[in-house]
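Work through the following exercises with the sequence and the model side by side. Each task is followed by a solution that goes step by step.

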Amino acid sequence: MKMAGVEQSRKSSVMALFAFLFSIFSIGSCSSQVPLLMWSSDGYSLTPLASPSAGHITSNSQWLSYLNSAMGPGPHNVILFLQEKLSKDDFTMYGGVFGNKKDSVFPYLESALRASPSQLVLPALAWPGSSAILAQLQEKLGVSPLLVDPDTLAHLHLNASASNLLIINLPYSAGTSMSCKQVLKTNDEVIGKVLSIMKGQNVPYISIYTGLKPSRVIAEVSAGQPKGRSLLQAVEDTVKAPLMFNDTEGRPCIMLWAQDLNVSFGTGLDKWVNLANFTPTMDGSRCNSNTSQLVLNYESLPLYTSVRLTFIMNQRRYPVSGRNWFTLNNVVVVGQGETATFNGSRGVYAPSEYSFHCQSVSSVRDALLVPATDEIPQWKLNFIDFQIQGFNILNGTTDFSYASDCAGFFTPAIWMGLITSLIMLLILTYGLHMIMQVHTMDRFDDPKGPSISVPLSE
């Protein structure tokens, strides 16, 4: 009876935990923040702490105090599920909080919280503080973090007598066609798989689930604005400046901008990294009147040690059009001990005085970038809202020239509509022509008069 009461208490506490997360959605300050969930396995108990009041935003110093209080001295095995983006709205929208538990995308997370003997829930952790969690855990445990995935973790043998810090990177938007709900459901399955592996090793551990940055940012109301009911609208991120390479005279000669520069080595949703979130060096870039080469060097990435992305462009004159055109001949990716070359000259081209723009430049789906060899490379590319210009950039400007877009005027849908309309018009014309060829009788028999005699010649 006592065990049944404890189990029922755990279930009630988990339901209250999620309800608490969702209830504070409309309470308190609207500054940037991420939620944080922390729980322990059987045989390991966190020091009980009072839950923060609804609407309270936990600062970096308060979180550090919670961490020091919850994790006492001695070795600890900590698993940090670090998602690219996370907000309370994700639990509200996809957590099945209105009685629709079948629609929840967090069944494994909820199950882990129900089974845990102790939890710590911070519904609103200040965003600058969330980005320092990894460094704080590293300092607290005194060990270097180890980036793993479920397959790698299955081959590790952890020791309860030594501290370990394991990092599981989880995506939020991976540059694929999957919806946010599908991505969160996949992340929850990864969490379930990792916890299942840890349970099989019979090693006590602490799990933390949070985000690098908020997935939704709501504008904060200033003191001079009226306070009252109003529609909440996400604040758009400021537009970042394009990457620009200057020639030897200091004049801009290559410009590139993209909302996302997603690259992946191997298969799996968790392999994608958005290079647009990192600052590259441009060592090796060069440009002249006929050839431009932009080299982006990225170091110390979350999944890969280093990645070098090279865009090679040429321009030449085509007599048929009477003008110069530039093409993106090759995109070369170097990293993980492999070099992959993709040819983009068939799909990425524009007049030399223009820039090129496309909503999606990919090597995966509707590919504009095709492998240069018959061998299928391990690297995959997916650039979102991509724009590049390698020639004829006006001196002293940071703006692209007029963009030649990859979406032509006559899309497949327009062609289908035109062809269908033409076929229907031909059928209508043929029908009218046949009706006009029908001849009616011009002589009629009068019953009171002589019968009509129609010669055979008529």
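**Exercise 1. Determine which side chain meets that of Lys193 in a salt bridge, and where the two residues lie.**

Step 1. The side chain of Lys193 meets that of Asp151 in a salt bridge, at 3.5 Å from N to O, where a salt bridge is a side-chain nitrogen of Lys or Arg within 4 Å of a carboxyl oxygen of Asp or Glu.

Step 2. The pair links distant parts of the chain, since Lys193 belongs to helix H8 (residues 180–201) and Asp151 to helix H7 (residues 150–153), 42 residues apart; helices (H or I, at least four residues) and strands (E, at least two) are DSSP runs, numbered from the N terminus.

Step 3. With a relative accessible area of 43%, Lys193 is partly exposed, on a scale where buried means under 20% relative accessible area, exposed over 50%, and partly exposed in between (1.4 Å probe, protein chains only).

Step 4. For reading these values, note that this is a predicted model in which local features need pLDDT of at least 70 and side-chain atom pairs count only at pLDDT 80 or more, while totals for chains, interfaces and linings use all residues. Residues are numbered from 1 along each chain as its sequence is written, and side-chain values use heavy atoms, with hydrogens and water left out.

**Exercise 2. State how many salt bridges the structure holds, and describe the one between Glu353 and Arg323.**

Step 1. The structure holds four salt bridges, and in one of them the side chains of Glu353 and Arg323 meet at 2.5 Å, N to O.

Step 2. Glu353 lies in the loop between strand E15 (349–351) and E16, whereas Arg323 lies in strand E13 (residues 323–335), so the pair ties together parts that are 30 residues apart in sequence.

Step 3. Both partners are partly exposed, Glu353 with a relative accessible area of 32% and Arg323 with 28%.

Step 4. Elsewhere, salt bridges that share partners join Asp247, Glu249 and Arg251 into one network; within it, the side chains of Arg251 and Glu249 meet at 2.9 Å, N to O. Arg251 is partly exposed at 37%, while Glu249 counts as exposed at 59%.

**Exercise 3. Find the disulfides, and give the handedness and surroundings of each.**

Step 1. A search of the whole structure finds two disulfides, a disulfide being a pair of cysteine sulfur atoms within 2.5 Å.

Step 2. One joins Cys253 to Cys287, with 2.1 Å from S to S. Cys253 lies in strand E8 (residues 252–265) and Cys287 in strand E10 (residues 286–287), so this pair ties together parts that are 34 residues apart in sequence.

Step 3. The torsion about the S-S bond of Cys253 and Cys287 is about -90°, so this disulfide is left-handed, and both cysteines are buried.

Step 4. Cys358 and Cys406 form a disulfide with their sulfur atoms 1.9 Å apart. Cys358 lies in strand E16 (residues 355–362) and Cys406 in the loop between strand E19 (403–405) and helix H9 (412–436), so the pair ties together parts that are 48 residues apart in sequence.

Step 5. Here the torsion about the S-S bond of Cys358 and Cys406 is about 75°, so the disulfide is right-handed. Cys358 counts as buried at 4% relative accessibility, whereas Cys406, at 34%, counts as partly exposed.
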